[in-house]
Amino acid sequence: MNDTVGMILCGGFGKRLRPVTETIPKPLVELKENYTILDKQIFDFKSAGVKKVILLTGFLGEKIEERYGDEYMGVEIEYVKEEQPLGTLNAIRLGMEHIDDDTQCVIRNGDVVADLSIKKMIEDGEKSPYDFTIFVTQMTSPYGIVELSGDKIVSFKEKPLLDYYINGGIYFSKGKLDFGSYKSGDIEKTIFPELAKDKKLGYYKENGLFWMAVDTSKELQQVQKEYSNRIDKPWGYEKVLIYTEKYLTKELFIKEGYQTSFHYHPNKDETMYIVSGKGYIEFEDKKEYFGAKDTVRIEPKTPHTIVAIENTVLHEVSTPDLDDTIRIKDFYDSRTPTGTR
């Protein structure tokens, strides 16, 4: 993977999120206490090996500079401020003036919370015949739908996934974009349609991921609900589903090509139920491969790491020992963002 710079669009007014965004820019909206959208986005870049991120600021940009300074968790932070709001095209154009012609970049909308692998998007983008790639995600119906047969209703489906894809607000570029004569406007309505018409626009997708553009109070409530018992990790996330005096159930999402720390549990006895994906659990003396619907038991004091060959979701059912983990080896920077552990 070549050196890649991250860019995040942080300059919007967030009008539909007011009054929350009257005093803070939308990227600083909290997913949980002291953990913002922008915290997660920079953490995602860090976990993908991106060492520099350019924040494209505007409205209340000084609040962002106060929080992140010139470095966040080892990631170099640079600011490019749009003095007059002229749309996403102008903000990205200004950002690209701060990189070399052949520097790769991943550009993100500052209000998107998504679990895709930035690392894999970069790797696939480098191999793509297209110079510019858009992350697309499957569209969820905003309403429940009814299925008809003849003159009757035969079933109801509550907000299903539709057979359509939408722009997921994350882009990979192999170098600087040619903006032509455009100086302002939204890039989605100017450059993108022209690239698509000229068959110069590629796409990247990962189905089945959590994705949310936080644009309204309802969407903010949805993403905050997702994060109520969730902790982001360099390899994905873990989420507590059930915690009682008798047992504990967690959901773990491990991105393709990533793995958990090599660790053991002094007391916890756990069984892994593989919901989807495939990979293996590496012990001190063996590897045990798994696929969807498999189960693997891990007894106390057994060192192991879980490696995902594909995006993997598993449910860990165990004795109620929530923080019973001894890490032997971390494969990534062990520091986590403010608001996580």
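This report walks through a predicted model, looking at one sheet, a hairpin, a pocket and two single residues.

**The sheet**

Let's start with the open sheet, which has eight strands in the order 5-6-4-1-7-12-9-13 and mixed pairing. Strand 5 (71–72) and strand 13 (201–205) sit at the edges with a single partner strand each, so one side of each is left without a neighbour in the sheet. Helix 1 (residues 37–47) packs on this sheet, where it touches strand 1 (4–9), strand 4 (52–57), strand 5, strand 6 (75–81) and strand 7 (104–109). The direction of helix 1 makes about 165° with that of strand 1.

Over at the strand 13 edge, the partner is strand 9 (residues 132–140), and the two pair in the parallel sense over five bridges. Within that pairing, Val136 of strand 9 stands opposite Lys205 in strand 13.

**A hairpin**

Strand 10 (residues 145–149) and strand 11 (residues 152–157) run antiparallel, joined by five bridges. Here Val146 stands opposite Phe156 in strand 11. The hairpin has two residues between the strands, and Gly150 takes a positive phi near 65°.

Here are the two pairings again, in brief:

| Strands | Sense | Bridges | Facing residues |
|---|---|---|---|
| Strand 9 and strand 13 | parallel | five bridges | Val136 and Lys205 |
| Strand 10 and strand 11 | antiparallel | five bridges | Val146 and Phe156 |

**The second largest pocket**

Now for some empty space: the second largest pocket holds about 520 Å³. Its lining runs to 29 residues, with Lys233, Glu238, Ser261, Thr325 and Arg327 lying nearest the centre. What is the lining made of, in terms of nonpolar, polar and charged residues? It splits into nine nonpolar, eight polar and 12 charged. Strand 15 (230–233), strand 17 (248–254), strand 19 (270–276) and strand 23 (304–308) each put at least two residues into the lining.

**Two residues up close**

Strand 17 is also home to Thr249. Is Thr249 buried or exposed? Its relative accessibility is 8%, so Thr249 counts as buried, the cut-off being under 20%. Setting aside neighbours within four places in sequence, Thr249 is in contact with Lys239, Val240, Leu241, Ile242, Glu316 and Val317.

Phe210, for its part, belongs to the loop between strand 13 and strand 14 (211–213). With neighbours within four places in sequence again left out, Phe210 is in contact with Val113, Ala114, Asp115, Val223, Glu226 and Arg230. Phe210 and Val75 are 135 residues apart along the chain, and their C-alpha atoms are separated by 24 Å.

Terms used:
Residues numbered from 1 in each chain as written. Predicted model: local features only at pLDDT ≥ 70, side-chain atom pairs only at ≥ 80, totals over all residues. Heavy atoms only, no water. 1 Å grid on protein atoms, 1.4 Å probe; cavity = no way out; pocket = protein on both sides within 12 Å on 5 of 7 lines; lining within 4 Å. Points joined across faces, edges and corners; volume = space filled by probe spheres on them. Helix = DSSP H or I, 4+ residues; strand = E, 2+ residues; numbered from the N terminus. Nonpolar A, V, L, I, M, F, W, Y, C, P; charged D, E, K, R; others polar. Pairing = 2+ DSSP bridges. Contact = heavy atoms within 4.5 Å. Axes fitted to C-alpha atoms, helices over the stretch in contact; angles between N-to-C directions. Buried < 20%, exposed > 50% of the residue type's maximum accessible area, 1.4 Å probe, protein only.
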